[in-house]
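Trainee: Before I use any of the words for this protein, I want to know how each one is earned. Please start with the word that the others lean on.

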Amino acid sequence: MASPPFRSRRIVVACGLVVAFMLVIVRLVNLQVMQSAELTVKADRQHQKNVTLEGARGTIYDRNSKVLAMNMDVPSVFGVPASLGNPGATARNLSPILHVKATELEKKLKQEKHFVWLARKLEPEQGRRLERLALDGVGVVMEGRRFYPKGPLLSHVLGFAGMDDRGLEGVELRYEQYLRGEKRAVVLQRDALGRAVFPKGLNEEGAAAGHSLTLTVDEVIQYIAEKELDEAVSRSNAKSGTIIVMDPKTGAVLAMAVSPRFDPNTVRALAPDRWRNRALTDTYEPGSTMKTVIAAAALEEKVMTPGSMIYGENGQLSIANTVIHDHEKTGWMTFAQMIQKSSNIGAAKVGMALGEWRVFDYLKDFGFGDKTGIDLPGEAVGLLRGPRQWGKRSLASISMGQEVGVTPLQMVTAVSAIANGGVLMKPFVVSEIRNAKGQLVAQTMPQAKRRVISADTARTLTTLMEGVVTNGTGGKAAIPGFRVAGKTGTAQKVDPRTGAYSSTLLVGSFLGYVPAEDPRLAMIVVIDEPRGEGWGGVVAAPVFRRVGEQVLNYLGVAVDEPVKLAMAGLES
C-alpha cells in the first residue's frame with residue numbers, strides 16, 4: 001500500500017495531466033473551429049497562387065472562310081523565387097534564350113514573391129530550349145498569341161492586337177468586346193518544397209475562346225487590289241495610295257488597300273503613321289471626281305439636261321478677282337461634254353446655276369462632312385463648311401472639287417449611290433459574329449441611309465459617266481467587254497511652305513463602277529503625290545482597269561456580247 005505522501009504526488013500529477021489535456025482540447029477546438037476559416041486562407045496563401053489566364057482570341061475570316069487572324073499557343077515562362085537557390089546562375093542560363101539581360105532577370109528572381117512572369121508569348125523554339133534546360137524554380141505555360149497568317153494582306157483593316165491580347169487598331173480594336181476570350185482564374189499549386197505546379201489538364205480545360213468574325217472582304221480581291229496598288233505607287237514614285245472596292249448595292253467592302261503596307265505580326269518597330277488606315281482617316285481635295293455629285297444635283301433639280309449648252313469661255317473665267325482655267329480652250333459645249341472633258345469652268349457655271357444652298361444640301365445628302373458610319377475606328381468627317389462661311393469664289397471652287405475635304409471612303413460610298421440607282425448605303429466590313437460553338441450571335445444586314453437622287457437621274461448620270469471612259473479623260477479605265485462608268489480627278493495640294501496650291505504636289509484619282517448597266521463593283525483609286533504625270537486619267541485610271549478586269553474575271557461576270565447589244569439597239 002502506497003504511503004500517503006506518494007499517493008498525494010500521484011493525484012497532483014494526474015490533475016496536472018488532466019489540466020494539460022484540457023488545454024490541448026481547448027486549443028484544438030479554437031484552431032479547428034473558431035479560427036478554421038482564417039487559418040485556411042493563410043494556408044492557401046502559402047501553398048496556392050491565383051493566376052488569371054484568358055481564353056483564345058476569336059478567329060477572323062474573310063467572306064469565304066479563309067483565316068485572316070488567329071491565335072497560336074506559344075510558351076510563356078514564369079519563375080518561383082522562393083524555390084531558387086542561385087538566382088544569378090538561373091538568370092544567366094535564361095538570358096540567351098529569352099533575349100533579356102541577365103541583370104533584369106536576376107532582379108525579378110530575387111523578389112520576395114512566390115510567382116513572377118519572366119517573359120510572355122515566346123517563339124515555340126524558345127519554349128523547347130527552356131524545357132531542355134529543366135531549371136528548378138522555372139516553369140512554362142502555354143498562352144495564346146495573335147498571328148496573321150497572310151502577313152501584310154489587309155493589315156490596315158485588320159489592325160493588330162498587343163502583347164496583352166487587346167485589340168489596338170482596325171477590326172481588332174473595333175470588335176474587341178466580341179473577340180477577346182473569357183478570363184479564368186487558375187490556382188497555381190506549390191508542392192512541399194515550394195515549387196510551382198500547374199493543375200493537370202490546364203490547357204484542355206481553358207477559358208472559353210472569343211467570338212469569331214466573318215468579314216465582307218474577299219481575300220482574292222484584296223490581294224489583287226494590294227498588288228496593283230503597290231505597283232502603281234512604285235511606278236509613279238508616289239507618297240502613298242488607296243484603293244477601295246465596294247459592292248454598291250449593299251455597301252459591303254470587298255477590298256480596302258493602302259500602300260505602303262505593314263505586317264501586323266511585327267509592328268513594334270513601326271511608327272503609328274505606318275498603320276494608319278488612310279482610306280478613312282486622311283482627307284484630300286477630290287478635284288474633278290466631285291463633279292459627279294454636282295452633275296447629279298443639276299440633273300435632279302432639272303437645272304441641266306445632257307444636251308444643255310454651256311459656254312466654256314475659251315478656257316478662262318474670272319471670278320472674284322481670280323481666274324479659273326481649263327486645260328482646253330473650249331467654246332460652247334453640252335452638259336454631257338462638260339462631264340467628259342472635265343471642264344472646271346463648266347462645273348463652276350453649273351454650281352452657280354444651282355446656288356450655294358442646293359450645292360451644300362446635295363453634298364450633305366451624299367455623305368460629305370459626316371462619317372459614313374463604317375465599323376472601323378478612326379474615321380474622319382472630312383471638311384465641308386456651311387455657305388455662311390464661304391467666300392466669293394467658294395461656290396465655283398467647291399463645284400470643281402476644291403475647298404472641300406473628303407476621304408476615299410466617302411467618295412466611293414457616294415458614287416455607289418449613283419451606281420445602285422440613287423440610295424446612299426452604310427458601308428461595313430463585318431458580316432457575321434459567331435460564338436466559340438459556331439452559333440450566330442449577330443449579322444449585319446445592308447442598311448440604306450437615304451435616297452439622294454431618283455433612279456432616272458442615276459441612269460442618266462451613268463450614261464454621262466460612261467462617256468468619260470469612251471470619249472473623255474477616263475479612256476485608260478476602259479475594260480474590254482464591259483461598260484464602265486467613271487470620272488477622273490486631279491487635285492492640287494496646298495504646299496505647306498507657301499500656303500498656296502502647288503503645281504507639283506498632286507492627287508490623281510479615278511472613281512467609277514462596272515458593269516455600268518448592272519454594277520457589281522464600285523471602286524476608287526487614289527494616288528497621292530505621284531512624280532511626273534499626276535493626272536488621274538494617267539496614274540489612277542489604268543489601275544482601275546487592271547483591278548476591275550481581274551476581279552470581274554474572278555467573280556465570273558459575263559462580258560457584254562456585241563450581238564446582244566446590237567439587237568437591243570434595233571429593238572429600241
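Mentor: Contact means heavy atoms within 4.5 Å. Of the contacts in this protein with a separation of 6 or more, 72% are between residues 24 or more positions apart. This is a predicted model, in which local features need pLDDT of at least 70, side-chain atom pairs count only at pLDDT 80 or more, and totals for chains, interfaces and linings use all residues. Residues are numbered from 1 along each chain as its sequence is written, while side-chain values use heavy atoms and leave out hydrogens and water.

Trainee: What makes a stretch a helix or a strand, and how many of each does the protein have?

Mentor: Both are DSSP runs, numbered from the N terminus: H or I over at least four residues for a helix, E over at least two for a strand. The protein has 21 helices and 23 strands. One of the strands is S11, residues 240–246.

Trainee: How do you know that S11 pairs with S23?

Mentor: By counting bridges. DSSP must find at least two between two strands. S11 and S23 (residues 521–528) are joined by 7, so by that rule they pair. They run antiparallel, and in this pairing Val 245 stands opposite Met 523.

Trainee: Which strands make up the sheet, and in what order?

Mentor: The order is S12-S11-S23-S22-S21, an open sheet of 5 strands with antiparallel pairing. Strand S12 (253–259) and strand S21 (485–494) are the edge strands.

Trainee: Why are those two called edge strands?

Mentor: The reason is in the pairing: each pairs on one side only. Neighbouring strands of the sheet are turned by 10° against each other on average, direction ignored. S21 pairs with S22 (residues 501–514) over 9 bridges, in the antiparallel sense, and the partner of Gln 492 is Leu 506 in S22. The hairpin of these two strands has 6 residues between them, and there Gly 499 takes a positive phi near 75°.

Trainee: Why is Met 523 called buried?

Mentor: Buried means under 20% relative accessible area, exposed over 50%, and partly exposed in between, with a 1.4 Å probe and protein chains only. Met 523, in strand S23, has 1% relative accessibility, so it counts as buried. Leaving aside neighbours within four places in sequence, its contacts include Ile 243, Val 412, Phe 510 and Phe 544. Ile 243 is 280 residues away in sequence, yet the two C-alpha atoms are 7.1 Å apart. Over the whole protein, buried residues make up 49% of the 572.

Trainee: What makes H12 mostly covered?

Mentor: The count does: 9 of its 10 residues are buried. Among them are Lys 291, Ile 294 and Leu 299.

Trainee: Why is H12 called oblique to H14?

Mentor: Axes are lines fitted to C-alpha atoms, for helices over the stretch in contact, and angles run from 0 to 180 degrees between N-to-C directions. H12 (residues 291–300) and H14 (residues 344–354) pack at about 40°, with axes 10 Å apart. Angles under 35 degrees are roughly parallel, over 145 roughly antiparallel, 65 to 115 roughly perpendicular, and the rest oblique. The angle falls in the rest, so H12 is oblique to H14.

Trainee: Which residues make the contact?

Mentor: From H12 come Lys 291, Ile 294, Ala 297 and Ala 298; from H14 come Asn 344, Ala 347, Val 350, Gly 351 and Leu 354. They divide into 6 nonpolar, 2 polar and 1 charged. In this scheme Ala, Val, Leu, Ile, Met, Phe, Trp, Tyr, Cys and Pro are nonpolar, Asp, Glu, Lys and Arg are charged, and the others, Gly among them, are polar.

Trainee: What makes the backbone at Asn 237 and Asn 321 worth a note?

Mentor: Most residues other than glycine have a negative phi, and most peptide bonds are trans. Asn 237 has a positive phi of about 55°, and Asn 321 has one of about 60°. Asn 237 lies in the loop between helix H9 (219–235) and S11; with a relative accessible area of 49%, it is partly exposed. Asn 321 sits between strand S14 (316–319) and strand S15 (322–325), and at 87% it counts as exposed.

Trainee: Which peptide bonds are cis?

Mentor: Two examples are the bond from Ser 259 to Pro 260, with omega near 5°, and the bond joining Val 514 and Pro 515, with omega about -15°. Pro 260 lies in the loop between S12 and helix H10 (272–275), and Pro 515 in the loop between S22 and S23.
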